[in-house]
Each structure stands twice: as structure tokens, then as C-alpha cells.
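Subject: Handing over the model

Hi,

Here is the structure I promised to pass on. Please have a look before reading my notes underneath.

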There are 2 protein chains.
Amino acid sequence: MMKGARATNAKRRPRSRARHSDAETRDRLLEAGRLLFSEHGFAKVSVRDICREATANVAAVSYHFGDKLGLYEEVMRGGLDMLAAFNATMLNAGPNASAAERLRHYIAKYLPRLVKPLGDDEWLPKLMRHEIREPTAAAQLVFEHAILPRMRFLAGVMAELLDCDEDDPRVGRCVVSVQAQCLFYLPDAFKTAIVPEWPPQSDAAIAAAVEHIVEFSLAGIRAIAAKKT
Amino acid sequence: MMKGARATNAKRRPRSRARHSDAETRDRLLEAGRLLFSEHGFAKVSVRDICREATANVAAVSYHFGDKLGLYEEVMRGGLDMLAAFNATMLNAGPNASAAERLRHYIAKYLPRLVKPLGDDEWLPKLMRHEIREPTAAAQLVFEHAILPRMRFLAGVMAELLDCDEDDPRVGRCVVSVQAQCLFYLPDAFKTAIVPEWPPQSDAAIAAAVEHIVEFSLAGIRAIAAKKT
DNA sequence: ACTCGTTTCATACACTTGTTTGACATCGCC
DNA sequence: GGCGATGTCAAACAAGTGTATGAAACGAGT
């Protein structure tokens, strides 16, 4: 009767540490959740799958996290700071970079990240992609930590290139134009089912795509800037 | 014992027509399938949902179509020719239209179609959007009848604007750049969960988006054409 | 040693899923 | 009228889902 209260109870681990030689059940569940949720998404993973992977009892999820969604949110929360590191390298082109250079740097870092298959340890990006395709309650976290910083970064670049304020409507549309071109290269069940060689995998093809998007977009932005409206 | 054979049996309706005053069960199932599949997608609709909507027995789907997927494919097949009509108006800008005019016409027709909510009778486009998000075996049909003609059309436009052959690698990349910008305006569970006002709904905003994509893309294409590679 | 709070366990609950079964109804046709 | 093919029906099946239960095991504190 005190089990379900575990999730809502504030103080829960005051003592009794390291009784097992291996990791505690709670940690094993989190690790199994990271692995399976990132691989198949929230809906397609059952509580029993997770408990089997974690060699834990089916009731363990309910006991330690309240319910399946509680475990999922805990998994997602546990890795949001990893995003800051990557965003930092992608959004920082160096101290004296011009707006055009910052845009090129962004695309050159972002596109390979989208195209190249993710490693087994990169569970957080995998999880985010599932979240984008079928959002759960955790979608807000993904947006705030991953999407919003990039949008702000691009908005700054665009405002400089357009020589206008950041809330000029043209800024948002240019951000969309660049972001949309990049995201089209994200592997996608439909596209790869139809065109198996999508997205291009070779480094040469990826580099060509980067170069294309940069040239295409810079020219587009200049044209929009010239329109003045 | 002859029931399941219904799906694989070639000749199935040689006689016994119009015994009911209302539509036959088979047709009611197809209509319910159109309605529910287009609204919620294949996976999220149960056989019982369909049979309740069609006021038919749960066994009716198995009897008439073999299984749930058989009904789904029959539903999809029954409307693929509707696509030809819309593609015709979207891909035909008039006899003497220049390449730039054809591109503008395409975007101006396509984007509102993506943004504006679909009517209750437009079940086929709804169904296609579900198919794109989580493809089933019918994805190939969607691609051939809906996507491929548009890609070919855009490739022709690009080849003319770039003044090159259609299998020039720049053609494909420009097609992607234009198509990606348009598709970003497709309503999306994640985007609307995060930015409720996405995509823009007012006619003015849509017109501005169309204008933006046209200007942005034409300038981009010109820049790519100038690069010669 | 004996509690007592914490954790694990096998098991059960209540529900949904797609599909099948065998009895029953209905019709055209000889 | 009776035959046989064609549909329809309530009910059941087998497998899955998330979650709850109550009894055990366990380790630390007194």
C-alpha cells in the first residue's frame, strides 16, 4: 500500500544503499528504458519488455516510478543536459564569425548529425526523434532544450543577414526555410521505404548537400533582404 | 469455413446483388474504414470501431476482406484516381508558362492545400498523411500516385531553370529544397503541440509564405545555376 | 532478536487487440 | 420444397496491455 506512493513521496532514498553487488533495480530500469524507448518509442515498448531487459519484476516500474509514463519522463529528464554540449558546438562558430559563416557552420554541423545513423550510446537524440514523430507529454522538454536554442540562434543570424529586427516576419520565414531544408534529410520511415538510398550516406554526398543548402539559402536570404517589405 | 477464403477467392460477386434496402455490409465497412482510418490512421483504429460505425458484426471484416489490413488496402485502392485530378490542376500552369511561373503556380497551389484543414470528404489526402507518418504496405501506392508525379514535375522545372539535364545532381537537390520548404508547413503533432499557431492559418499569412518560398527558391536556384558544377 | 520500513516477487485483475468458430438466417435455383 | 451457396450473428479465443495485490525477503536500528 506504500508502493504507489513511492512516485509521489518526496524523500525516498535516505538510506539502504548498495545492497546489491550489481546496479539497483531502479537504475537497471532506467537503463533498460533508455535502451528500449530510444529504439522503438514510448508506445511500442511494453512494461514487460523493460522489466525483462532489466531482469526485474513487472511490478518494479509501478513501484519505482508510479507508472510507465513516470519512467519515461525520468529517462528523458536524465539526459537533457547532454543536449547543451552538442548545441554549444553547433551554435558556436567562433568569436569573429560573420553571419554567413555562422549559418554555414550550423548547417555543416547539423546536417551530418541528422543523416548519419546514431550510435548505441546516443539514446537521447533517438528518443527526441520519436518524440517529434509522436509527441508525448515530454514534447515540451524536447522543444525547450533542443529546438528553441537553435531557432533563436538562426533568428539572430537571419536578423543580421536581413539587416532587420529579430521579430521582423521575414526572419521567421527564413529560419523555416533553412531548418526545413535540413530536416528533410532526417531519416524517415516513409522516405526510406520508398527511396532506399535516402538520405545520402557518403561523405561526399553529405558535403555536397551542405554546400547546396548554404549557397541556396544565402542567395534566398539576400533576395528576401532586397525586397525590403 | 468458406469465409476466410473470401479474400483470396477471385470471383466473389457473380450474383445476389441488392438484397438489402440499405448499402451492403461490405460497402458500409469500406465507408466506415474511409472515415476512421483517415481520421486516426491504421494502427489507432480497431476492427471493433469500424464494425460499430458500420453497424456490422465484428466478424464482418474478416469475412469480407480477410483481415484488417485487407480492408485498409481496399479502402486505399478505391481512391487513388482522385489524386490525378488534383495533381493535374497543381502541375499545370497553362500552356505558355515559363519555368519560374510553373514553380510559382506549384507552390501557390500546393501550400494552401497543405495548410488548410481538410474537409470530411477528403479522406484520401488524410489517409496519405497518416501513411507518410507511419507507412504500411500501401506506402508504395501513395508514392507512385502522389509523390512521384510532383517530383517529376519539379525536376522538369529545375532542369529548365538550371539549364541542365534532369539527371544533373543539382536538380534533385533543388527539388528537395523546394519540397522541404513546402512540407514544413504541413500540420504536425509535434509542431502544433509546441507552437499552437502553426501553421499560419490566415490567407494573408499563407500568401506571404507562398511569396517567400517562391522568391527564396528562385534566388537559390539562380545561385546554384551560377555555380556551374 | 526483533521489529519496521523498504524492496522484490509471483500472481491476478481488468481491459483491449485481431481473429475464429459454429450456429443461424437468407436468397436464387433446380 | 429442398438444396447449397452466401451472409450474418453472438460468443469465444489467444495474445497482448498497464497496473494492483498481498505475501514474502531483506537490511538496518534499537
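Below is what I found in it, from the single chain to the pair.

A word on conventions: residues are numbered from 1 along each chain as its sequence is written, and chains are lettered from A in the order in which they are written. This is a predicted model, in which local features need pLDDT of at least 70 and side-chain atom pairs count only at pLDDT 80 or more, while totals for chains, interfaces and linings use all residues.

**The chain.** Chain A has 12 helices and zero strands (DSSP runs numbered from the N terminus: H or I of at least four residues for helices, E of at least two for strands). Of its 229 residues, 31% count as buried, that is, with 20 or more other C-beta atoms within 10 Å of their own, the C-beta atoms being placed from the backbone. Looking at contacts (C-beta atoms, placed from the backbone, within 7 Å) between residues at least 6 apart in the sequence of chain A, 64% join residues at least 24 apart.

**The pair.** A turn of 180 degrees and a shift of 0.1 Å along the axis lay chain A on chain B with an RMSD of 0.1 Å (least squares on C-alpha atoms of residues with pLDDT of at least 70 in both copies). This is the relation of a two-fold axis. Each side brings residues to the contact: 28 from chain A and 28 from chain B. On the side of chain A that touches chain B, the elements giving two or more residues are α8 (123-133), α9, α10, α11 (189-194) and α12 of chain A; α12(A) gives the most, with 11 residues. The copies meet through the same surface, because 100% of the interface residues of chain A are also interface residues in chain B.

**The core.** The largest nonpolar core (buried Ala, Val, Leu, Ile, Met, Phe, Trp, Tyr and Cys residues joined through C-beta atoms within 7 Å) has 55 residues, and A:Ile107, A:Met158, B:Ile107 and B:Met158 have the most contacts inside it. Both chains contribute two or more residues from each of α7 (99-115), α9 (139-162), α10 (169-183) and α12 (203-227).

**Around B:Met158.** Leaving out residues up to four places away in sequence, B:Met158 touches B:Val171, B:Cys174, B:Val175 and B:Ile221. B:Met158, B:Leu161 and B:Leu162 in α9(B) meet B:Ile221, B:Ile224 and B:Ala225 in α12(B).

Best wishes

Conventions. Buried ≥ 20, exposed ≤ 12 C-beta atoms within 10 Å, placed from the backbone. Contact = placed C-beta atoms within 7 Å.
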